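Hi,

Here is the structure I promised to send over. Have a look at it first, and then read on for what turned up in the helices.

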Amino acid sequence: MGAVIGIDVGGSTTKIVGFREGGELIPPQFVRANDPVTSVYGAFGKFTSENGLSLDCIDRVMMTGVGSSFIKSPLYGLDCRLVPEFECVGLGGLYLTGLDEAIIVSMGTGTAVIHAKDGESGVSVDYLGGTGVGGGTLVGLSKLTLGMDSIEHIEQLCEGGDLSKIDLRIKDISNPEVYPDIKTDLTAANFGNLSDLADKHDIALGIVNMVAETVAMLSVFAARGCGINDVVLTGNLTQLHPICEVFASMRNSFSIHFTVPNMAQFSTVIGAALHTI
């Protein structure tokens, strides 16, 4: 049995990873292209060339993602199989953390929430739902309000931002002596305290914080509903430091263990390569 290749085809980004015979992980890569077919062939060519993989040593190619449906024929005659994206999210999240059960949150353009559990008959994956709030929201609102749609530049803008000029906190509207059990640093209303003095740094941080808090609370509800405390964060948004800071700050507030594993942005494509059908 030869190597197994996983490919996650997005609208503009394609991610690719592999497992050699014996289970050795070949480090993942990604390429950008506006056309999904171009992206797939570009990613595959670059990946196989840089890792010394010939076609005859590849056993199969496992494809997932919204753009995978555009691939109508086998890739260079190889055995290509389409696998459900949500199952890949669950498989990848458990693999990267070594957990037996967790809520896996995929933060991409939108957000998907998965309950994955490794049992005697293998990994079971349940799609719990999601939200349209995600990376697309972050980029769209930043473009509308700041004239900026580069994730890297938005992250830089967050430095020096002050949320007190943007968000309404519980401590702004409540008496802690009357409600001693409520954590007063939590947000009562995103953008509910917008100051005339707020600058672009404050606004950028406010947008990022709103997206992160929305995803975090959805994750908390899902974890509590399943009776577990482990939430694994995956997807491209995990690479933004201010996003991770929000999850870290909410860990103690809700007794949920949020984890951002190494290679979190490649969790889904790793899950695709691990999928067996």
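Start with a helix pair: E85, C88, V89, L91, G92, G93, Y95 and L96 in α2 touch S267, T268, I270, G271, A272 and L274 in α8. Sorted by type, the residues of this contact come out as eight nonpolar, five polar and one charged. Keep in mind that this is a predicted model.

As for the geometry, α2 covers residues 85-97 and α8 covers residues 267-274; they pack at an angle of about 100 degrees, and their axes are 7 Å apart. Angles from 65 to 115 degrees count as roughly perpendicular, so that is what α2 is to α8.

Next up is α3, residues 135-146. How far apart should its ends be? With 12 residues at 1.5 Å a residue, α3 should span 16 Å, and its end C-alpha atoms are indeed 16 Å apart, so the two agree.

Which residues of α3 are buried? They are G135, T137, L138 and S142. Because these four cover an arc of only 160 degrees around the axis, they sit on the same side of α3. It helps to remember that an α-helix has 3.6 residues a turn, so residues three or four places apart point the same way. The buried residues of α3 pack against two other helices, α4 (151-158) and α6 (200-226). Turn to the other side of α3 and you'll find K143 and L144, which are exposed.

One last detail to look at: G147, just after α3, has a positive phi of about 70 degrees.

Cheers

Notes: Residues numbered from 1 in each chain as written. Predicted model: local features only at pLDDT ≥ 70, side-chain atom pairs only at ≥ 80, totals over all residues. Heavy atoms only, no water. Axes fitted to C-alpha atoms, helices over the stretch in contact; angles between N-to-C directions. Parallel < 35°, antiparallel > 145°, perpendicular 65-115°, else oblique. Contact = heavy atoms within 4.5 Å. Nonpolar A, V, L, I, M, F, W, Y, C, P; charged D, E, K, R; others polar. Expected span 1.5 Å × (residues − 1). Buried < 20%, exposed > 50% of the residue type's maximum accessible area, 1.4 Å probe, protein only. Arc of directions from axis to C-beta.
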